[in-house]
Amino acid sequence: MSRTRAAVLGSPIEHSLSPVLHRAAYQELGLADWSYDRFEVDEAALPGFIAGLGPEWAGLSLTMPLKRAVIPLLDAVSDTAASVEAVNTVVFTEDGRRLGDNTDIPGIVAALHERGIEKVPSAAILGAGATASSALAALSRICTGEVTAYVRSRARADEMRQWGERLGVPVRTADWSEAAAALAAPLVVATTPAGATDELAAAVPDTPGTLFDVLYDPWPTALAASWSRRGGTVIGGLDLLVHQAVLQVEQMTGRDRGPLAAIRAAAERALAAR
């Protein structure tokens, strides 16, 4: 029996939960002839890896540091991916074309919509790394006012304002020393590494809005735990992980709806086992 293949690429890659999520989706969809693997691939090895793929390949998931490096190797890139110069999904068409997309951005939006958050008048972003640009692109779809980015350097501040101009979002920047003020926003998106927002946990207001913390391991973060104790809505990195995976499965398999519940259950089991 011939198999249809897909995989996640990156470096490092051993931590990736993508194989767990995609395999759960294939099982739920009855795709017994589909397989999904992980490969340690860096920027230097990426062109050769893609060139060596045969017609049995349906798609690839990409993590760091490949999201930008893959773009010159593709035949077309979606407007969503082009808006942040980052591709996390490659689909191979029957005629051999390589199409790039970014499911992180609509994944953020879908996770917010799942919690009933359709529009917000303003928002705050903690951090200014690669994930922050995707968060800003997602906010361009739901935020009707200004986004304030709290950053640690002038260079990062300049980058966030440039991304805002490119995405059509009014962005104000503030120094990280003022980050506690971010917590009063109706929507706060934390895009920082583990531990970076722990110092803010004591500053959560009595009636917080919504926190979207993109981390999922370890979970909950100190900020998320404090936010939840005060009655605020908390969305975690697991929600983003699940929703972006659903969109990847839909694109790679051609199915209209990916199995959200099965993917979420698989992710929860995998994290509980760590």
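In this predicted model, Gly 59 stands opposite Val 91 of strand β5. The pair belongs to the ladder between strand β3, residues 57-62, and strand β5, residues 89-92, where three bridges join two strands that run antiparallel.

**The sheet**

Strands β3 and β5 are part of an open sheet of six strands, arranged in the order β2-β1-β3-β5-β6-β4 with mixed pairing. Its edges are formed by β2 (34-40) and β4 (76-77), each of which pairs on one side only. Strands of a sheet pair through backbone hydrogen bonds, in either a parallel or an antiparallel sense.

Further along the order, β5 is joined to β6 by four bridges, and these two strands run antiparallel. Within this ladder, Thr 89 has Asp 101 of β6 as its bridge partner. The hairpin of β5 and β6 has five residues between the strands, and Gly 96 in this hairpin takes a positive phi near 90°. Strand β6 also pairs with β4, in the parallel sense and over two bridges; here Val 77 stands opposite Gly 100 of β6.

**Helices on the sheet**

Which strands do helices α1 and α8 touch as they pack on the sheet? Helix α1 (residues 18-29) touches β1 (4-10), β2 and β3, and its direction makes about 175° with that of β2. Helix α8 (residues 237-253) touches β1, β2, β3, β5 and β6 (98-101), and its direction makes about 15° with that of β5.

**Helix against helix**

Two helix pairs are set side by side below.

| Helix pair | Axes come within | Crossing angle |
|---|---|---|
| α1 and α9 (residues 260-272) | 8 Å | roughly 140° |
| α5 (residues 130-142) and α6 (residues 154-167) | 10 Å | roughly 35° |

The axes of α1 and α9 cross at roughly 140°, and the two helices are therefore oblique to each other. Helix α1 passes α9 in a right-handed crossing. On the α1 side the contact is made by Val 20, Leu 21, Ala 24, Ala 25 and Glu 28, and on the α9 side by Ala 262, Ile 263, Ala 266, Ala 267 and Ala 270. By class, the residues of this contact are nine nonpolar, no polar and one charged.

The crossing of α5 and α6 is right-handed. Helix α5 contributes Ala 132, Ser 133, Leu 136, Ala 137 and Ser 140 to the contact, while α6 contributes Met 160, Trp 163, Gly 164 and Leu 167. The contact of α5 with α6 has six nonpolar, three polar and no charged residues.

How values were computed:
Residues numbered from 1 in each chain as written. Predicted model: local features only at pLDDT ≥ 70, side-chain atom pairs only at ≥ 80, totals over all residues. Heavy atoms only, no water. Pairing = 2+ DSSP bridges. Contact = heavy atoms within 4.5 Å. Axes fitted to C-alpha atoms, helices over the stretch in contact; angles between N-to-C directions. Parallel < 35°, antiparallel > 145°, perpendicular 65-115°, else oblique. Left-handed = near helix turned anticlockwise from the far one by under 90°. Nonpolar A, V, L, I, M, F, W, Y, C, P; charged D, E, K, R; others polar.
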